[in-house]
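Here is a short briefing to read alongside the sequence and the 3D view. Please keep both open as you go through the bullets.

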Amino acid sequence: MPLYEFQCTECERSFEELVRSAAVVAEVKCPKCGSVHVRRKVSTFASKMSGGGSAVAPASSCAPGGG
Ligand SMILES: [Zn+2]
């Protein structure tokens with residue numbers, strides 16, 4: 001199961017939560033203060049880019065369907 005990292009915007013408490021579906025994210029609450037005002041942090045498996053001033057290549061968006 002995907003393990004996401006959240007951070008409470010109320011008390012800035014960082015915690016991890018097992019998210020089986022996207023709907024669960026909306027039900028994630030802070031284990032400390034119980035606030036629902038939490039934001040999902042960057043996934044651990046995502047490549048962390050340290051440092052600054054480095055030009056990042058724009059990711060080509062591949063949107064399904066036309067507009
Ligand atoms: Zn909190």
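Helices (H or I, at least four residues) and strands (E, at least two) are DSSP runs, numbered from the N terminus. With that in hand, Gly-34 can be placed in the loop between α1 (22-25) and β3 (38-40). The model is predicted, so local features need pLDDT of at least 70 and side-chain atom pairs count only at pLDDT 80 or more, while totals for chains, interfaces and linings use all residues. Residues are numbered from 1 along each chain as its sequence is written, and side-chain values use heavy atoms, with hydrogens and water left out.

**Overall layout**

- The protein has 1 helix and 3 strands, and along the sequence these follow the pattern β-β-α-β.
- Of the 67 residues in the protein, 16% are buried; buried means under 20% relative accessible area, exposed over 50%, and partly exposed in between (1.4 Å probe, protein chains only).
- About 5,600 Å² of the protein is exposed, with carbon and sulfur atoms supplying 52% of that area; accessible areas come from the Shrake-Rupley method with a 1.4 Å probe, and for residues only the protein chains shown count as cover.
- Among contacts in the protein with a separation of 6 or more, 33% join residues 24 or more positions apart, where contact means heavy atoms within 4.5 Å.

**The zinc site**

- The zinc ion is coordinated through the SG atoms of Cys-8, Cys-11, Cys-30 and Cys-33, at 2.2 to 2.4 Å.
- Donors are N, O and S atoms within 2.8 Å of the metal (3.2 Å for Na, K and Ca), and water is not among the atoms, so sites may look incomplete.
- The arrangement is tetrahedral because the 4 donor atoms subtend angles of 105 to 120°; four donors count as tetrahedral if all angles lie between 85 and 135 degrees.
- In sequence, the donor residues are spaced C-x2-C-x18-C-x2-C.
- Cys-30 is buried, at 4% relative accessibility, whereas Cys-11 is partly exposed at 26% and Cys-33 is partly exposed at 43%.
- The disulfide count is 0, a disulfide being a pair of cysteine sulfur atoms within 2.5 Å.
- Gly-34 is partly exposed, with a relative accessible area of 39%, and its C-alpha atom lies 9.1 Å from that of Cys-8, 26 residues away along the chain.

**The nonpolar core**

- The largest nonpolar core has 8 residues: Tyr-4, Phe-6, Cys-8, Phe-15, Val-19, Val-28, Cys-30 and Val-38.
- Strand β1 gives the most to this core, with 3 residues.
- A nonpolar core is a set of buried Ala, Val, Leu, Ile, Met, Phe, Trp, Tyr and Cys residues joined through side-chain atoms within 4.5 Å.
- In soluble globular proteins, nonpolar side chains tend to be buried together.
- Beyond its neighbours within four places in sequence, Phe-15 is in contact with ten or so positions worth tracing in the view, including Tyr-4, Phe-6, Cys-8, Val-28, Cys-30 and Val-38.

**Along strand β1**

- Gln-7 is found in strand β1 (residues 3-8) and is buried, with a relative accessible area of 16%.
- Leaving out residues up to four places away in sequence, Gln-7 touches Glu-12, Arg-13, Ser-14, Phe-15, His-37, Val-38, Arg-39 and Lys-41.
- Glu-5 also lies in strand β1, but Glu-5 is partly exposed, at 22% relative accessibility.
- The C-alpha atoms of Glu-5 and Lys-41 are separated by 5.3 Å, although these residues are 36 apart along the chain.

How values were computed: Tetrahedral: all angles 85-135°; square planar, octahedral: opposite > 155°, others 65-115°.
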